Amino acid sequence: MSERTVSTHVKEPRLVARKFLARPQHEGVGAVVRRSIGRFELKYFDPFLVLDEFSVTAPSGFPDHPHRGFETVTYMLQGAITHEDFEGHKGTIEAGDLQWMTAGRGIVHSEMPAAQGSQKGLQLWINLSSKYKMIEPRYQEVLSKDIEEAEEDGIKVRIIAGEALGIKSPIYTRTPTMYLDFSLKPGAHIQQPIPKSWNAFVYVLEGEGVFGNLESQPANSHHILLLGIGDGLEAWNKSCNILRFILVGGEPLGEPVMQFGPFVMNTQEEIDQTIDDFENFANGFEKARHWRSESAISLDF
């Protein structure tokens, strides 16, 4: 099998420091997620709070719920999800689409299946530094056709955030972040730079790959690989099938993390204040007093 290499001058490839399988668990109402970051093996990987590979089938889903203090990145792999929030924002995220939501000081929203059958995707929670936790909520939404892509020598990459193969994403990341969706044909080999000071991981979506160095054990679907120190990722597809994985990296915040479910702040006092704000419809949660999503009304959640 001939090997095709895309070289981007990685001098110190990151080795795999930890690897484990993301096992299914129940979340929301009847939804099933494979949670890798945010469970007991890995509570926090600064600045990443949660990574879920989710699968939902109507009427299951994620009905009305709040967030404060971080960002959610929803990337659909199959089917579609309808999103609604208490600001009146509503839309459908279809296969290949991206929604980068900054919850900031407060959002109450729902995420429910928009079609029959199984709806699958990834949701990543990215922490915000203390100076940004109480900013106004905002959205960055990109249709699949508008996501930047690059292709070279058996490598295809969708650039959700950051840069790969000389192509940059227009997504603005308050916490500096890269998010790349790679597909490698059999025999392909890639080197992808990652800033040395960042934390980074790989999550395998499809197929089997070798990461870090050629002596590493292959990793297959639903495994997360935490990468060690270095200036980039080196990966090989030695199999006869397509290898698809995401590479995510981010600049660590180095701040205290206090989490209570969907609220992520820096201190217990801030969490207590957030709970008080939510229960009393104050400081960003005012519109939650009289709001229910259309899906919640129709399904009587």
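Leaving aside its neighbours within four places in sequence, with which residues is L124 in contact? The legends below concern a predicted model, and the first of them takes up this question.

**Figure 1. Surroundings of L124 in the largest nonpolar core.** Beyond its neighbours within four places in sequence, L124 is in contact with F48, V50, L51, E71, T72, V73, Y179, F201 and V248. The core itself has 27 residues, and L124, Y179, F201 and Y203 are those with the most contacts inside it. Two or more residues come from each of the elements β5 (48-57), β7 (70-78), β10 (98-102), β12 (118-127), β15 (155-161), β20, β23 (223-227) and β25 (243-250). In soluble globular proteins, nonpolar side chains tend to be buried together.

**Figure 2. A second, separate nonpolar core.** This core has 26 residues. Among them are A150, L180, F211 and L225.

**Figure 3. The aromatic pair of Y75 and Y179.** The structure has 10 aromatic pairs. A pair of aromatic rings is described by the distance of the centres and the angle of the planes. For Y75 and Y179, the ring centres are 6.0 Å apart and the planes stand at 80°, so the pair is edge-to-face; the cut-off for this class is an angle over 60 degrees. The two residues belong to distant parts of the chain, with Y75 in strand β7 and Y179 in strand β18 (residues 177-184), 104 residues apart. Both Y75 and Y179 are buried. Y179 is also one of the residues with the most contacts inside the largest nonpolar core.

**Figure 4. The aromatic cluster of F45, F48 and F201.** Ring pairs join these three phenylalanine residues into a cluster. Two members of the cluster, F48 and F201, are also in contact with L124.

**Figure 5. The charged end of R174 over the ring of Y132.** The charged end of R174 lies 5.0 Å from the centre of the Y132 ring.

**Figure 6. The salt bridge between K196 and E12.** Side chains of opposite charge can pair when their charged atoms come close. In this pair, the closest N and O atoms are 2.9 Å apart. The bridge links distant parts of the chain: K196 is in the loop between β19 (188-193) and β20 (199-206), whereas E12 is in the loop between β1 (4-6) and β2 (16-21), and the two are 184 residues apart. K196 counts as exposed because its relative accessibility is 53%, and the cut-off for that class is over 50%. E12, at 33% relative accessibility, counts as partly exposed.

**Figure 7. Further salt bridges of the structure.** The structure holds 12 salt bridges in total. One of them joins R39 and E41, whose closest N and O atoms are 2.6 Å apart. R39 counts as buried because its relative accessibility is 13%, and the cut-off is under 20%. E41 is partly exposed, with a relative accessible area of 23%. The side chains of K145 and D146 also meet in a salt bridge, at 3.3 Å from N to O. K145 is exposed, with a relative accessible area of 68%, and D146 counts as partly exposed at 40%. In addition, E27, R35 and D52 are linked in a network of salt bridges.

**Figure 8. Cis peptide bonds before P47 and P59.** The bond from D46 to P47 is cis, with omega near 10°. P47 is placed in the loop between β4 (31-37) and β5. The bond from A58 to P59 is likewise cis, with omega near 5°. P59 is found in the loop between β5 and β6 (62-67).

**Figure 9. Positive phi values at D153 and N283.** D153, a residue other than glycine, has a phi near 50°. Its place is in the loop between β14 (148-152) and β15. D153 is partly exposed, with a relative accessible area of 41%. N283 is not a glycine either, and its phi is positive at about 50°. This residue lies in the loop between α1 (268-279) and α2 (294-299). With a relative accessible area of 34%, N283 is partly exposed.

Key:
Residues numbered from 1 in each chain as written. Predicted model: local features only at pLDDT ≥ 70, side-chain atom pairs only at ≥ 80, totals over all residues. Heavy atoms only, no water. Salt bridge = Lys/Arg side-chain N within 4 Å of Asp/Glu carboxyl O. Helix = DSSP H or I, 4+ residues; strand = E, 2+ residues; numbered from the N terminus. Buried < 20%, exposed > 50% of the residue type's maximum accessible area, 1.4 Å probe, protein only. Core = buried A, V, L, I, M, F, W, Y, C linked by side-chain atoms within 4.5 Å. Contact = heavy atoms within 4.5 Å. Phe/Tyr/Trp six-rings, centres within 6.5 Å; stacked < 30°, edge-to-face > 60°. Lys NZ or Arg CZ within 6 Å of the ring centre and 35° of its normal.
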